[in-house]
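Biologist: I have a chain on my screen and a few things to ask about it. Can we go through them one by one?

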Amino acid sequence: MTTEANLPGRPASDVLLRQWESASVESVWLRPGDWYTPAAEALVEALEARLDTAPAAFRLGQARSVAGVGITEAIDDMAVLFKSAGYESAPIRSIRALCEGWTEGDTAPVATPAMKDPESGLGTSEYLTRRLAEVYGAAQRSGHLVTETHALVVVDVAVADPDPWQRMARNAAVGQALTNAYGEGYPMARISDGLYAVLVERGMSLGTGIATLRDHISDRATALRVGNLMRQPPRVWIESLPAEHSYITSLLESLQR
């Protein structure tokens, strides 16, 4: 019989990660939107590979502390992982490592990622990833699929690298055009130089608005005299979102290639 755990092409670690997240959110986790961290994925991979999980647990403790997660919540969350994997309890060595990492993370300087891109006035990739985490968390609680409710509108105006002043002028023009086109309430970000994304809800007008947006960007570029610094016409398309938030980083990285 085919189950979620043995679906063709689906890694066992990915299945366990999803099981862990779901069970934790339902039982011990307080804020579903901030559960995922690459450190959680590393811990699952170590467990599945039957490696020592203490080093990964230490990194998870650091990540939880930096995110403002309490030590009790962090311990309870990790216990859910080992129970989901069929263990009676988490190894004391890994629990101790989690606590040590949490303590170190709590006392270490916190490097807050930039949320606003100074050139375009839009958000950064980190900002968009965080807003998407909120959307995925809300969808999970309501039983909806993000793939059916939301999408990214991606704008690519990149040409051969201009000098720094021309690049800033181009980013400012596109940032202004997107802000004017969508207004408040739409998370948008500069993903890389000349590449931008807007988080939108799916609806009847999503496809028909693409041509209008393309024209709006071109008109703004002409008005600001930076049309020669952009791809003409701008490339605009609808990018579907992955089923799981953990794949968002990979999606944003793939868009930059």
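Biologist: Does Arg50 count as buried or exposed?

Modeller: Keep in mind that this is a predicted model. Arg50 sits in the loop between H2 and H3. The cut-off for exposed is over 50% relative accessible area. Arg50 has 72% relative accessibility, so it counts as exposed.

Biologist: What is the phi of Arg50 near?

Modeller: Most residues other than glycine have a negative phi. Arg50 is a residue other than glycine, yet its phi is positive. The value is near 60°.

Biologist: Let me step back to the whole chain. How many helices and strands are there?

Modeller: Along the sequence the pattern reads α-α-α-α-α-α-α-β-α-β-β-α-β-α. The chain has 257 residues, of which 42% count as buried. In total there are 10 helices and 4 strands.

Biologist: Which helix gives the most to the largest nonpolar core?

Modeller: The largest nonpolar core has 25 residues, and Trp20, Leu43, Leu60, Met78 and Leu81 have the most contacts inside it. Helices H1 (12-27), H2 (38-48), H3 (54-66), H4 (71-84) and H5 (92-107) each supply at least two of its residues. With 6 residues, the top contributor to this core is H2.

Biologist: How many residues are in the other core, the one with Leu122 and Val153?

Modeller: That core lies apart from the largest one. Val155 and Leu213 are also among its members. Its residue count is 22.

Biologist: Back to Met78. Which residues is it in contact with, leaving aside neighbours within four places in sequence?

Modeller: Two of the partners, Trp20 and Leu43, are also among the residues with the most contacts inside the largest core. Ala57 and Ala90 touch Met78 too. The full set is Trp20, Leu43, Ala57, Ala90, Ser94, Ile95 and Leu98.

Biologist: At roughly what angle do the axes of H2 and H4 cross?

Modeller: Two packed helices are described by the angle between their axes and the distance between the axes. For H2 and H4, the axes come within 11 Å. The crossing is right-handed. Leu43, Val44 and Leu47 of H2 meet Met78, Leu81 and Phe82 of H4, and the axes cross at roughly 35°.

Biologist: Now the sheet. In what order do the strands lie?

Modeller: The sheet is open, with 4 strands and antiparallel pairing. S2 and S4 each pair on one side only, as edge strands. Neighbouring strands are turned by 30° against each other on average, direction ignored. The order is S2-S3-S1-S4.

Biologist: Why is S3 described as largely enclosed by the rest of the structure?

Modeller: S3 covers residues 195-201. It pairs with S1 (residues 150-156) over 7 bridges and with S2 (residues 188-192) over 4 bridges. The strand is largely enclosed because the buried residues number 6 of the 7.

Biologist: Which residue in S3 stands opposite Met188?

Modeller: Take the other pairs in S3 too. Leu195 is the bridge partner of Ser192 and stands opposite Asp156. Opposite Met188 stands Val198.

Biologist: Which residue takes a positive phi in the hairpin of S2 and S3?

Modeller: The hairpin has 2 residues between its strands. The phi in question is near 85°. The residue is Gly194.

Biologist: Which strands does helix H8 touch as it packs on the sheet?

Modeller: H8 spans residues 164-182. Its direction makes about 10° with that of S3. Another helix, H10 (residues 248-255), lies across S1, S2, S3 and S4, at about 160° to S4. The strands that H8 touches are S1, S2 and S3.

Biologist: One last residue. How far apart in space are Arg231 and Ala160, C-alpha to C-alpha?

Modeller: Arg231 is in the loop between H9 (208-223) and S4 (235-240). Its relative accessible area is 32%, so it is partly exposed. Leaving aside neighbours within four places in sequence, its contacts are Asp156, Val157, Ala158 and Val159. Arg231 and Ala160 are 71 residues apart in sequence, and their distance in space is 9.3 Å.

Note on methods: Residues are numbered from 1 along each chain as its sequence is written. This is a predicted model: local features need pLDDT of at least 70, side-chain atom pairs count only at pLDDT 80 or more; totals for chains, interfaces and linings use all residues. Side-chain values use heavy atoms; hydrogens and water are left out. A nonpolar core is a set of buried Ala, Val, Leu, Ile, Met, Phe, Trp, Tyr and Cys residues joined through side-chain atoms within 4.5 Å. Buried means under 20% relative accessible area, exposed over 50%, partly exposed in between (1.4 Å probe, protein chains only). Contact means heavy atoms within 4.5 Å. Two strands pair if DSSP finds at least two bridges between them. Axes are lines fitted to C-alpha atoms, for helices over the stretch in contact, and angles run from 0 to 180 degrees between N-to-C directions. A crossing is left-handed if the near helix is turned anticlockwise from the far one by less than a right angle, and right-handed if clockwise.
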